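I opened my notebook on this one with two topics in mind: the ligand shell and a strand. Here is the structure I had on screen.

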Amino acid sequence: MSDTESGPTTDTTTVPIPVVPEPPEEKPRVRTAAEMARRADVSRETPDTPIAEAAWHATRVLARRLAGELPRPAVTRVITVANQKGGVGKTTTTVNLAAALSLHGLRVLVIDLDPQGNASTALSIDHHADIPNVYDVLVEGRALQEVVQKVEAIPGLWCAPATIDLAGAEIELVSLVARESRLKRALAAYESNMDYILIDCPPSLGLLTVNALVAGSEVLIPIQCEYYALEGLGQLLRNIDLVRGHLNPALHVSTILLTMYDARTRLAAQVAEEVRGHFEEVVLHTTIPRSVRISEAPSYGQTVMTYDPGSSGALSYLEAAREIALRNDQQAGAQEPLASSAQEVR
Ligand code: ATP
Ligand code: MG
């Protein structure tokens, strides 16, 4: 046996193994009492896991629903949702309030009076060109019950859809007899036991909106909490005065609802304060928050009440519906202050 075979091999090419430094000892992090208290608080508000969160939302919704059904009005309440300013939340308010009232056990009809047909879309109601719709009622004199469709997803909710035909109605109505009272007549002939009829108006003060103002006694004005929120409101209030003076003595603004309220901005709070200063008790205590879930719902043909029942948007519409239903509609006395504030707002 040679030396090379028996002795230890000395390989001059071996690279020395680098010394890896020991990682610094990590001390277990101790939470302060304040952090622990904060965590406990947060977990009471919004649970950690998605399942726990869903359960928490469901419990809250259920708790509110079980808090009692809302009273049925003695006669059908017809509420016109109007504001000639575009994109302030008229349609969103109409469909979500309607759904919320239905979920409280009431029977509700939504009349889509906007050629855009957004309310019909949000309620997943067929409204392509051949579908009998509100145009037929206003212009052709068709009975309302012939165009009303059931909203499948929500028991107790119906919708009279709008199609693009309605875009021509503004002009065609001009030459018709009793052009401002066509919807009122249709409602008078409509045999139903609806508790509420909510009318979604287009963003204009034309004959379609006038028909809605003549047909019902209550107006709900959604106001978006943003700069220029009160712009144009004076004109709307003056139109309401005119309709009350000439065509519908019972007409009054019963409700103002602040929409798209962003609690993080001072502007929203300022607008809310200004609106409450002007209109006092007709402004609902509930405000509708700006919420992604609310804006997503229509693209699924849903209201937020079914799309995400536990979301802040759904809960606030439930709350707004409760406020409206529980008010015993004594706002007729508020007509004068509201009419005079038409001079004050821009
Ligand atoms: P138009 O005058 O065109 O009929 P509108 O007054 O009916 O408009 P909506 O269609 O209800 O207004 O709302 C305008 C847009 O704002 C829509 O895209 C809607 O999804 C969104 N929106 C409404 N309310 C909220 C909210 N609370 N949070 C977030 N988005 C909202
Ligand atoms: Mg609309």
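Before I sorted the shell by element, I settled what counts as one: helices are DSSP runs of H or I with at least four residues, and they are numbered from the N terminus. I also kept in mind that this is a predicted model.

**Entry 1: ligand 1**

With that in hand, I looked up which helices feed the shell around ligand 1: α4 (90-103) and α12 (292-296) each supply at least two of its residues. The largest share, 3 residues, belongs to α4.

Which residues come nearest to ligand 1? Of the 20 around it, I noted Lys90, Thr91, Thr92, Pro203 and Ser295.

I then sorted the shell by character and found 11 polar, 6 nonpolar and 3 charged residues.

**Entry 2: strand β1**

Is β1 enclosed or open to the outside? I checked residues 77-81 and found 5 of the 5 buried, so the strand is largely enclosed by the rest of the structure. A residue is called buried here if 20 or more other C-beta atoms lie within 10 Å of its own.

In a regular strand, side chains alternate between the two faces of the sheet. I therefore looked at each side of β1 in turn, knowing that alternation. Arg77, Ile79 and Val81 are buried on one side, Val78 and Thr80 on the other, and both faces are covered.

**Entry 3: partners of β1**

I traced β1 to β5 (residues 196-200): the two run parallel and are joined by 5 bridges. Arg77 sits opposite Tyr196 of β5.

β1 also pairs with β6 (residues 218-224), again in the parallel sense, over 3 bridges. There I found Val81 opposite Leu220.

How values were computed: Residues numbered from 1 in each chain as written. Chains lettered and ligands numbered in written order. Predicted model: local features only at pLDDT ≥ 70, side-chain atom pairs only at ≥ 80, totals over all residues. Near = placed C-beta within 6 Å. Nonpolar A, V, L, I, M, F, W, Y, C, P; charged D, E, K, R; others polar. Buried ≥ 20, exposed ≤ 12 C-beta atoms within 10 Å, placed from the backbone. Pairing = 2+ DSSP bridges.
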